[in-house]
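Please open the structure in a viewer and follow the stops below in order. Each stop names what to select and then describes what is found there.

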Amino acid sequence: MKLFRFGAEGQEKPGVLLENVHYDVSAFGEDYNEAFFQNNGLSRLQAFVAEHKAGLTPVPAGVRLGSAVARPSKIVCIGLNYADHARETNAKVPEEPIIFFKATTALCGPNDAVVIPRGSEKLDWEVELGVVIGKKASYVTEKEALDYVAGYVLHNDYSERAFQLERGGQWVKGKSCDTFAPIGPFLATPEEVGDMDNLRLWLTVNGKTMQDGNTSNLIFKIPFLVSYLSQFMTLLPGDIITTGTPAGVGLGMNPPLYLKAGDVVELGIDGLGSSRQEVIMAHGAN
């Protein structure tokens with residue numbers, strides 16, 4: 001299945017994508033949140049759709065899409081997980097996964113504008129594959145890790161590099177500004193995606209290709225990441241693990257290139273659709 005959420009911010013409704021048609025499944029009565037995933041929601045939704053498919057209402061074209069997942073308990077990020085990205089930022093290839101968090105208030109729709117925060121100088125982009133956890137995971141083995149995955153999403157891990165790298169402390173404050181985590185356009189269950197170790201990721205800025213990578217180049221693969229993280233924290237249903245970005249970020253260019261108001265960022269991953277964000281200034285910013 002492919003699951004999406006639609007409607008005004010804070011009032012999103014659940015939908016399913018069937019044969020490239022967006023359908024409203026509000027009558028199912030549940031949002032795509034922790035309780036949904038924990039209580040076998042995917043199987044129950046599939047049964048609901050099979051029973052009511054003929055009566056489902058298409059969603060009008062042009063309706064806003066929200067984050068494909070309702071606000072999770074946490075967004076866990078993996079840094080420098082592509083060797084080419086580590087090299088372009090002059091960082092050592094990690095021996096163990098680099099873990100940081102993104103505030104859940106950064107979550108937004110896949111085509112919402114990205115807002116340059118007040119005081120920002122170095123807004124950067126990062127196309128990433130996101131993994132959505134389907135059931136509570138604690139101390140799981142690598143062999144069983146994929147049994148805990150509900151599906152996958154497209155994510156742009158927006159980063160304010162000055163906040164992240166020049167202000168001391170941890171990376172989180174350069175990763176967590178409002179609109180810095182567009183998720184979607186949909187969540188695809190594993191059978192919809194295919195070979196997770198061979199998915200193309202791409203990103204353009206104003207039509208120019210900046211990133212063109214492949215998940216075959218992940219340093220730490222998805223089963224390992226799920227297992228590894230579950231040794232240090234309980235992963236809850238609906239949690240998102242975002243797995244790192246390939247080379248081509250603005251920070252890695254010579255000279256570095258950062259986003260400005262009016263720029264348009266487009267990105268996509270095989271099997272997970274594409275998204276588009278226009279860059280705008282924060283209200284009250286210079």
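## A salt-bridge network

Select Asp 157 and Lys 175, whose side chains meet in a salt bridge with an N to O distance of 2.9 Å. This is a predicted model. Asp 157 belongs to the loop between strand E11 (149–156) and strand E12 (159–160), while Lys 175 belongs to the loop between H4 and strand E13 (181–182), so the pair ties together parts that are 18 residues apart in sequence. Are these two residues buried or exposed? Asp 157 is buried, because its relative accessible area is 0%. Lys 175 is also buried, with a relative accessible area of 1%.

Next, extend the selection to Lys 102, Asp 124, Glu 126 and Arg 161: together with Asp 157 and Lys 175, these residues are joined into one network by salt bridges that share partners. Within the network, display Arg 161 and Glu 126, which form a salt bridge whose closest N and O atoms are 2.7 Å apart. Arg 161 is part of helix H4 (residues 161–165) and Glu 126 is part of the loop between strand E9 (123–124) and strand E10 (127–133), so this pair connects parts that are 35 residues apart in sequence. Both Arg 161 and Glu 126 are buried.

## A partly exposed pair

In total, the structure holds 15 salt bridges. For another of them, select Glu 30 and Arg 44, whose side chains meet at 2.6 Å, N to O. The pair links distant parts of the chain, 14 residues apart: Glu 30 is in the loop between E3 and helix H1 (34–38), and Arg 44 is in helix H2 (residues 41–52). Glu 30 counts as partly exposed because its relative accessibility is 25%. Arg 44 likewise counts as partly exposed, at 30% relative accessibility.

## Strands E1, E2 and E3

Now move to strand E2 (residues 13–18), which is mostly covered, with five of its six residues buried. Strand E1 (residues 2–6) pairs with E2 in the antiparallel sense over four bridges. E2 is also joined to strand E3 (residues 21–24) by four bridges, and these two strands run antiparallel.

Select Val 16 in E2, which has Leu 3 opposite. Val 16 also stands opposite Tyr 23 in E3.

The hairpins deserve a separate view. The hairpin of E1 and E2 has six residues between the strands, and Gly 7 takes a positive phi near 120 degrees there. In the hairpin of E2 and E3, with two residues between the strands, Glu 19 takes a positive phi near 50 degrees.

## An open sheet

Turn to the open sheet of five strands in the order E8-E19-E18-E15-E16, where the pairing is mixed. Which strands stand at the edges? They are strand E8 (114–116) and strand E16 (208–214); each has a single partner strand, so one side of each is left without a neighbour in the sheet. From one strand to the next, the twist averages 20 degrees.

Inside this sheet, highlight strand E15 (residues 200–205) and strand E18 (residues 264–269), which run antiparallel and are joined by five bridges. Leu 203 has Leu 267 in E18 as its bridge partner.

## An exposed loop residue

Finally, select Asn 90 in the loop between helix H3 (83–88) and strand E6 (98–102). Asn 90 is exposed, because its relative accessible area is 76%. Add Asn 214, which is 124 residues from Asn 90 along the chain; the C-alpha atoms of the two are separated by 20 Å.

Key
Residues are numbered from 1 along each chain as its sequence is written. This is a predicted model: local features need pLDDT of at least 70, side-chain atom pairs count only at pLDDT 80 or more; totals for chains, interfaces and linings use all residues. Side-chain values use heavy atoms; hydrogens and water are left out. Buried means under 20% relative accessible area, exposed over 50%, partly exposed in between (1.4 Å probe, protein chains only). Two strands pair if DSSP finds at least two bridges between them. Axes are lines fitted to C-alpha atoms, for helices over the stretch in contact, and angles run from 0 to 180 degrees between N-to-C directions. A salt bridge is a side-chain nitrogen of Lys or Arg within 4 Å of a carboxyl oxygen of Asp or Glu.
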